[in-house]
Amino acid sequence: MRTAYSVETVRAAERELMARLPAGALMQRAAAGLAVACGELLGRVSGSRVTLLVGSGDNGGDALYAGARLARRGAGVVAVLLSPERAHAGGLAALRAAGGRVSDDARRDVAWADLVVDGIVGIGGKGGLRPAAAQLLDAVRESAIMVAVDLPSGVDADSGEVHGDAVRADATVTFGAYKPGLLIDPARERAGALRLVDIGLRPSADAEAEALQHADVAELLPRPAAESDKYRRGVVGVVAGSARYPGAAVLAVAGALRGGAGAVRYVGPAADAVLARFPETLVHAGPPDKAGRVQAWVIGPGIGDEAEALADVLAADVPVLVDADGLRFLTPERVRARTAGTLLTPHAGEAAALLGRGREEIEAARLRSARELAGRYGATVLLKGSTTLVAEATGPVRVNPTGTSWLATAGSGDVLSGVTGSLLATGLSPRDAGSVGAYLHGLAARRAAGPQGAPILATEVADHLGDAWRDVLD
């Protein structure tokens with residue numbers, strides 16, 4: 001599992017470690033890891049051209065010491081000092097001693113580089129880049145490799161928010177621990193490939209964010225025991241579709257059948273379409289409270305204005321996932337009155353409506369928005385998007401690492417609701433069900449899109465969910 005810690009927690013761990021190490025040892029560890037990563041990205045260090053963008057903080061020192069190491073290996077290294085009077089003195093001396101130089105023409109030396117090291121601002125930086133730094137980025141050649149030190153300058157380390165100009169890196173070398181902004185958009189997509197350098201930090205506080213990996217998901221996936229039958233494995237009820245949107249019912253059921261539950265009950269007007277595709281589905285005309293026992297409900301995909309069933313489902317003493325049209329009829333009071341868990345799965349536009357904000361505000365502050373929504377409704381929130389987040393009012397937010405932009409296709413959210421609701425019915429908590437459902441959904445989409453990426457259909461995502469399970473368990 002990738003775990004990310006707040007700036008305050010990282011700083012405390014650094015102070016504790018520095019108190020036990022010789023002066024400067026921690027920076028040398030970071031610089032060594034940075035230099036190795038830069039060398040690997042260059043392929044051939046000797047004869048390469050490296051430009052360091054050096055700010056006034058420790059990130060600038062890391063860049064200078066790493067530049068000195070690259071210069072000793074034969075690279076031509078030049079440092080652009082954005083605050084010359086505040087540049088790290090020891091790092092600057094080391095660079096000069098290794099044969100590096102200080103730039104006397106910043107734009108020329110940036111445009112000259114094969115690799116540019118962003119050491120402008122550290123993890124404590126707030127707001128976008130200052131104009132002088134932003135203008136230098138315009139001079140970077142398209143073919144040059146941009147490497148960020150710890151995180152791209154101009155992004156917020158704790159939230160992933162970007163306020164103004166910021167570096168767009170090909171790779172980010174981060175030290176000691178991941179920071180939330182490296183995992184959460186809009187900052188994440190500016191970080192490029194991530195590399196964590198172990199410098200000996202041992203954060204003592206809880207993580208702010210975490211991203212599951214295959215091994216974590218494998219531990220959570222439900223598996224039938226020898227004595228299991230379809231009812232013991234869990235039954236998920238699906239209220240979806242309408243005369244206008246029968247496909248939403250088919251897609252939600254498709255996901256639910258591949259989510260680990262033993263049976264799927266469908267309630268709604270699209271029973272014929274569902275049975276034509278999935279004859280194993282148990283169907284009922286409704287209302288939901290007359291359909292038979294379930295261990296979890298999914299409601300909302302494609303139901304249009306048919307909101308009567310929502311009251312039945314919310315009254316049930318089982319976990320409930322509310323998606324799409326079902327979200328339009330929710331109030332915080334209705335959700336908070338429930339005794340069982342509730343999982344809300346909005347995209348940014350739906351979250352904006354629930355919070356009374358503009359969509360662009362949600363997309364710019366995804367972590368803050370997901371937490372606020374979870375707190376207001378007393379629910380777990382799966383905020384879909386470029387990085388899908390699963391958040392509760394407190395505790396680490398889960399960040400899904402498997403998504404792909406090809407999932408921006410009609411009906412993919414219906415499949416996600418189905419598979420996640422099915423996982424709820426197997427007994428997973430809303431947080432775990434949301435995290436595992438999103439993970440499998442993303443893997444299935446990648447399978448469907450192929451290694452080069454290609455347009456996909458939501459039905460193809462559903463069809464590849466079994467492959468996603470096998471990928472995790474292999």
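**Notebook: pockets, cavities and helix packing**

I began with the second largest pocket, which has 19 lining residues; Ser56, Ser83, Ile120, Val121 and Arg130 are the ones nearest its centre. The model I am reading is a predicted one. I noted a volume of about 450 Å³ for this second largest pocket. I sorted its lining by class and recorded seven nonpolar, nine polar and three charged residues.

**Entry: the largest pocket**

I turned next to the largest pocket and recorded a volume of about 1,200 Å³. I found that 46 residues line the largest pocket, and that Gly385, Ser386, Thr388, Thr404 and Leu407 are the closest to its centre. I then asked which elements give two or more residues to this lining. They are α7 (188-191), α9 (246-257), α13, α14 (359-364), α16 (412-425) and α17 (430-449). By class, I entered 15 nonpolar, 19 polar and 12 charged residues for the lining of the largest pocket.

**Entry: the cavities**

I looked up how many cavities reach 30 Å³ or more, and the count is two. The largest cavity holds about 60 Å³ of space. I listed its lining as Glu210, Ala211, Leu212, Thr388, Val390, Arg398, Val399, Asn400, Pro401, Ser435, Ala438 and Tyr439. Thr388 thus appears in my notes twice, as a lining residue of the largest cavity and among the residues closest to the centre of the largest pocket.

Which element gives the most to the lining of the largest cavity? I found that α17 does, with three residues. At least two residues each come from β9 (209-211), β18 (397-399) and α17. The lining of the largest cavity divides into seven nonpolar, three polar and two charged residues.

For the second largest cavity I noted a volume of about 30 Å³. Its lining consists of Gly125, Lys126, Gly127, Gly128, Gly154, Val155, Asp156, Glu161, Val162 and His163. By class I counted two nonpolar, five polar and three charged residues in that lining.

**Entry: helix pairs**

I read each pair of packed helices by the angle and the distance between the two axes.

I took α9 and α16 first, both of which contribute to the lining of the largest pocket. Their axes are 6 Å apart and the packing angle is about 40°. An angle in this range is neither roughly parallel, roughly antiparallel nor roughly perpendicular, and α9 and α16 are therefore oblique to each other. I recorded the crossing of α9 and α16 as right-handed. On the α9 side the contact is made by Ala248, Leu251, Ala252, Gly255 and Ala256, and on the α16 side by Asp414, Val415, Gly418, Val419 and Ser422. This contact of α9 with α16 comprises six nonpolar, three polar and one charged residues.

I then examined helix α13 (residues 348-355) and helix α15 (residues 366-377), whose axes come within 11 Å and cross at roughly 50°. The pair α13 and α15 is therefore oblique as well. I noted that α13 passes α15 in a left-handed crossing. From α13 the contact residues are Ala351, Leu354 and Leu355, and from α15 they are Ser369, Glu372, Leu373, Arg376 and Tyr377. I classed the residues of this contact as five nonpolar, one polar and two charged.

Are α17 and α19 roughly parallel or roughly perpendicular to each other? I found that the axes of α17 and helix α19 (residues 465-473) come within 8 Å and cross at roughly 110°. That angle makes α17 roughly perpendicular to α19. I listed Tyr439, Leu440, His441, Leu443, Ala444 and Arg447 of α17 as meeting Leu465, Asp467, Ala468, Trp469, Asp471 and Val472 of α19. By class this contact has eight nonpolar, one polar and three charged residues. Tyr439 of α17 meets α19 and also lines the largest cavity.

**Entry: backbone details in loops**

I checked the peptide bonds and found a cis bond between Asp185 and Pro186, with omega about 10°. Pro186 sits in the loop between β7 (171-175) and α7. I found another cis peptide bond between Gly286 and Pro287, with omega about 0°. Pro287 belongs to the loop between β12 (282-284) and β13 (296-299).

My last look-up concerned Asp150, a residue other than glycine with a positive phi, near 75°. I located Asp150 in the loop between β6 (145-149) and β7.

Key. Residues numbered from 1 in each chain as written. Predicted model: local features only at pLDDT ≥ 70, side-chain atom pairs only at ≥ 80, totals over all residues. Heavy atoms only, no water. Axes fitted to C-alpha atoms, helices over the stretch in contact; angles between N-to-C directions. Helix = DSSP H or I, 4+ residues; strand = E, 2+ residues; numbered from the N terminus. Parallel < 35°, antiparallel > 145°, perpendicular 65-115°, else oblique. Left-handed = near helix turned anticlockwise from the far one by under 90°. Contact = heavy atoms within 4.5 Å. Nonpolar A, V, L, I, M, F, W, Y, C, P; charged D, E, K, R; others polar. 1 Å grid on protein atoms, 1.4 Å probe; cavity = no way out; pocket = protein on both sides within 12 Å on 5 of 7 lines; lining within 4 Å. Points joined across faces, edges and corners; volume = space filled by probe spheres on them.
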